[in-house]
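Biologist: I'm new to this one, so can you take me through it slowly? I'd like to ask why things get the labels they do.

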Amino acid sequence: MKRQRGLTLLSTLIVGALVMAVLILGLKCVPVFNEYFAIKKAFNEVVQSVDPGSPPSTFRSAFQKHADVDDIESLDAQSIVVTKENGKAFLSADYRRYVKLFANVSLVFDFSVATDGAPDA
């Protein structure tokens with residue numbers, strides 16, 4: 001007789017539970033990275049649309065308009081650093097995002113975002 005091969009019921013349940021855990025973790029992380037890319041896009045659009053000679057408050061209010069449209073909640077406009085170098089303006093910011101998993105367990109994401117070609121990037 002040939003010996004049967006394959007997963008037992010118990011090992012199938014364990015593999016299924018692991019796959020579900022990874023899937024849930026991934027689905028909780030997708031919105032965090034979507035927001036990061038929305039912030040980066042908003043930074044680049046603000047730098048292109050606002051005159052480099054404008055005061056930092058103009059850049060922050062322009063970013064806030066993008067944040068209202070794109071539903072950006074993790075980054076406050078007041079925490080944006082505006083630097084000007086060689087007639088160009090650059091935006092940068094550091095922020096932290098918490099994602100609750102279950103009970104008192106959370107994921108913490110630390111992001112540092114800057115406009116393309118920024119001196120600190």
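Modeller: Let's start at Asn-86, which sits in the loop between β1 and β2. Keep in mind that this is a predicted model.

Biologist: What makes Asn-86 count as exposed?

Modeller: The label exposed asks for a relative accessible area over 50%. Asn-86 has 74%, so exposed is the right word. Its phi is also positive, near 55 degrees, and Asn-86 is not a glycine.

Biologist: Which residue in the loop between β2 and β3 can we look at next?

Modeller: Ala-103 has its place in that loop. Phi of Ala-103 is near 45 degrees, again a positive value in a residue other than glycine.

Biologist: And how do you know whether Ala-103 is buried or exposed?

Modeller: Set its relative accessible area of 61% against the cut-off of over 50%, and Ala-103 comes out as exposed. There's a positive phi just after α2 too: Asp-71 takes one of about 60 degrees.

Biologist: Since you mention α2, how do you know how its length compares with what is expected?

Modeller: Helix α2 runs over residues 56–70, which is 15 residues. From its first C-alpha to its last it reaches 21 Å, and at 1.5 Å a residue the expected value is 21 Å, so the two are close.

Biologist: Which residues of α2 are buried?

Modeller: Phe-59, Arg-60, Ala-62, Phe-63 and Ala-67. They cover an arc of only 165 degrees around the axis, and that is why we can place them on the same side of α2.

Biologist: What is exposed on the other side of α2?

Modeller: Over there, Lys-65, Asp-68 and Val-69 are exposed.

Biologist: What do the buried residues of α2 pack against?

Modeller: Their partners are α1 (9–49), β1 (81–85) and β2 (88–102).

Biologist: On to charges. How many salt bridges does the structure hold?

Modeller: It holds three.

Biologist: Why is the pair Glu-35 and Arg-97 called a salt bridge?

Modeller: The label needs a side-chain nitrogen of Lys or Arg within 4 Å of a carboxyl oxygen of Asp or Glu. For Glu-35 and Arg-97 the N to O value is 2.7 Å, so the pair qualifies. Glu-35 belongs to helix α1 and Arg-97 to strand β2, so this bridge ties together parts that are 62 residues apart in sequence.

Biologist: What are the two ends called, buried or exposed or something in between?

Modeller: Buried means under 20%, and Glu-35 has 9% relative accessibility, so it counts as buried. Arg-97, with a relative accessible area of 22%, falls between the two cut-offs and is therefore partly exposed.

Biologist: How do you know that Asp-116 and Lys-40 meet in a salt bridge?

Modeller: Their side chains come to 3.6 Å, N to O, and the limit is within 4 Å, so this pair passes as well. Asp-116 is in the segment after β3 (105–114) and Lys-40 is in helix α1, so parts 76 residues apart in sequence are tied together. Asp-116 counts as exposed at 55% relative accessibility, while Lys-40, at 23%, counts as partly exposed.

Biologist: What makes Arg-96 and Asp-110 a salt bridge?

Modeller: At 2.5 Å, N to O, their side chains fall within the 4 Å limit, so they earn the label. Here strand β2 supplies Arg-96 and strand β3 supplies Asp-110, so the parts tied together are 14 residues apart in sequence. Arg-96 is partly exposed, with a relative accessible area of 46%, and Asp-110 is exposed, with 53%.

Biologist: Now zoom out for me. What does the secondary structure come to?

Modeller: Two helices and three strands, following the pattern α-α-β-β-β along the sequence.

Biologist: And how do you know whether the protein is spread out or a compact globule?

Modeller: The globule rule gives 14 Å for 121 residues, and the radius of gyration is 22 Å, well over that, so the protein is more spread out than a compact globule. Along its principal axes the C-alpha trace spans about 85 × 30 × 25 Å.

Biologist: What share of the residues is buried?

Modeller: Buried residues make up 29% of the 121.

Terms used
Residues numbered from 1 in each chain as written. Predicted model: local features only at pLDDT ≥ 70, side-chain atom pairs only at ≥ 80, totals over all residues. Heavy atoms only, no water. Helix = DSSP H or I, 4+ residues; strand = E, 2+ residues; numbered from the N terminus. Buried < 20%, exposed > 50% of the residue type's maximum accessible area, 1.4 Å probe, protein only. Arc of directions from axis to C-beta. Contact = heavy atoms within 4.5 Å. Rg over C-alpha atoms; globule rule 2.2 N^0.38 Å.
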